[in-house]
Amino acid sequence: MKDRCVGWFGKGASRVIGGLVMGVLSGAGGAPATLAGPIAPNEIPGLQAWYRVDAGLTLAGTSGTEVSAWADSSGLGRNMSQGTSANRPTLIRDTAFGFPVVRFDGVDDRLFSGDYELHDNAAGLTIIGVVRPQTVNPSGITPGNILSKFQYTTGGRAWRMGIDWWAAQSNPDTYQSTHELTFPPSADPIANQWNIVIGTWTPGTSTAGYMIPMAGPNAFQEIYAGTAAQAASSIPDTTAALIMGACNAGGDHRLNGDLVEVVVYNRALSQTERQGLAEYFRQKYTLQPDPTRPLLVNINFEGVGANAHNQPLPPGYSVDAGAVGTYHGDGIWSYWDRDVSSWGRNRNAASSPDERFDTLIHMYNSGQSPYQPFTWQLALPNGTYWVRAVFGESTGGTSTNNIYIQNQLFTDPDPALSNDWDEYFGVFTVTDGRLTITP
């Protein structure tokens with residue numbers, strides 16, 4: 001028997017949900033087996049650069065979300081920056097299971113560092129990116145560069161890694177296709193899902209690629225992408241800048257997607273080291289359940305676009321914005337019976353400084369008669385859960401909150417009180433893999 005907690009922080013009028021916090025008191029396991037032992041990036045010899053979303057970001061712009069700099073956590077000072085506001089990637093909060101992401105728009109976003117030679121012509125090179133691409137093109141090279149030190153000039157080419165391709169240039173000539181590996185469809189990263197993309201180079205032996213999906217039936221199984229046709233005996237030093245999100249001085253192969261970590265080593269990593277890093281990322285971003293620790297789910301409800309929240313949520317919260325299905329980490333999904341993203345609201349009320357109380361999703365369609373209720377469900381392992389649910393309105397007048405949680409009715413204790421929130425607590429048993437809430 002495991003101690004687990006599930007919680008729901010919700011708000012809304014009798015048919016408005018604003019958040020959820022849940023905990024499992026007891027429940028069955030069923031989590032897939034984990035890899036043997038996480039290895040942090042700085043525990044592996046040869047670390048040359050380490051960009052991590054939980055450290056080193058400098059934000060700018062009127063919105064406070066433009067990434068103007070990303071410090072190198074390796075301690076070697078390979079810091080990234082972007083002085084042009086229009087070319088800065090954006091920090092998007094509450095999307096990677098409690099962590100923000102750095103989002104590149106695929107048009108003109110990129111970050112630059114200095115002229116750093118990160119490879120070793122005796123030991124090799126490894127580039128690793130934890131990436132969620134928006135698009136993947138299985139038929140060829142996509143405009144999706146993660147990291148590069150590369151220029152389209154004679155004597156200027158070196159290396160670059162995209163979301164589904166990897167090139168290590170041996171000879172400073174005009175063409176380098178034989179040194180380039182394009183991932184086959186079987187090893188292509190999955191669009192709109194998190195992937196670990198790896199490129200390794202062993203001098204004179206191989207320019208090899210690997211992909212580790214973070215979701216789906218092959219989650220955290222390393223997929224070999226193959227090797228380049230011609231082995232590079234060495235990589236020439238160049239005067240090119242180190243670039244994230246593009247290559248060739250930012251002129252092409254621009255990344256359309258999200259990054260949370262990029263790591264570089266001046267040697268070809270072993271499979272054990274690659275798998276150890278994958279397990280580190282899995283545990284850090286809670287991309288699969290860890291059966292040894294309690295389950296905690298904190299969900300905030302909101303709309304999209306102008307109706308999305310405009311302040312960071314407390315740590316540990318993730319967002320349900322009304323899509324039919326939303327992933328919250330730990331193998332947990334929430335579901336609406338239809339897309340209700342247009343029914344989300346950001347009240348942005350001065351009376352609600354806590355952002356968890358300031359956004360909501362209506363649980364009914366007032367445009368139909370009679371009103372059509374919306375059903376919300378959370379996919380959970382069968383077991384017993386503690387649930388806290390919050391309903392109400394910050395500026396919505398009087399609301400009467402009558403809510404069914406697992407077919408148990410909770411009735412508003414103060415229906416005449418306006419602009420308030422009602423918090424419902426209960427212990428519920430899940431036997432069909434779903435916790436269900438309806439108005």
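## Aromatic pairs

In this predicted model, ten aromatic pairs are counted. One of them joins Y280 and F281, whose ring centres are 5.5 Å apart and whose planes meet at 65°. Because planes over 60 degrees apart count as edge-to-face, the pair of Y280 and F281 falls in that class. Both residues of this pair are buried.

Ring pairs also link F391, F410, Y424 and F428 into a cluster.

## Charges over rings

Two arginines sit over aromatic rings. R52 is placed over the face of W50, 4.7 Å from the centre of the ring. The charged end of R274 lies over the ring of Y210, at 3.8 Å from the ring centre.

## Nonpolar cores

The largest nonpolar core is made of 64 residues. F281, named above as part of an aromatic pair, is among those with the most contacts inside this core, along with L147, W159, I196 and M244. Strand β19, residues 256-265, supplies the largest share of the core, with six residues.

Another core lies apart from the largest one and has 25 residues, including I332, F374, F428 and I437. F428 also belongs to the cluster of linked rings.

## An open sheet

Six strands make up an open antiparallel sheet, in the order β22-β23-β28-β33-β30-β31. The edges are β22 (325-327) and β31 (408-410); each has a single partner strand, so one side of each has no neighbour in the sheet. From one strand to the next, the twist averages 20°.

The partner of β31 is β30 (residues 403-405), and the two are joined in the antiparallel sense over three bridges. In this pairing, Y404 stands opposite L409 of β31.

Terms used:
Residues numbered from 1 in each chain as written. Predicted model: local features only at pLDDT ≥ 70, side-chain atom pairs only at ≥ 80, totals over all residues. Heavy atoms only, no water. Core = buried A, V, L, I, M, F, W, Y, C linked by side-chain atoms within 4.5 Å. Buried < 20%, exposed > 50% of the residue type's maximum accessible area, 1.4 Å probe, protein only. Helix = DSSP H or I, 4+ residues; strand = E, 2+ residues; numbered from the N terminus. Pairing = 2+ DSSP bridges. Axes fitted to C-alpha atoms, helices over the stretch in contact; angles between N-to-C directions. Phe/Tyr/Trp six-rings, centres within 6.5 Å; stacked < 30°, edge-to-face > 60°. Lys NZ or Arg CZ within 6 Å of the ring centre and 35° of its normal.
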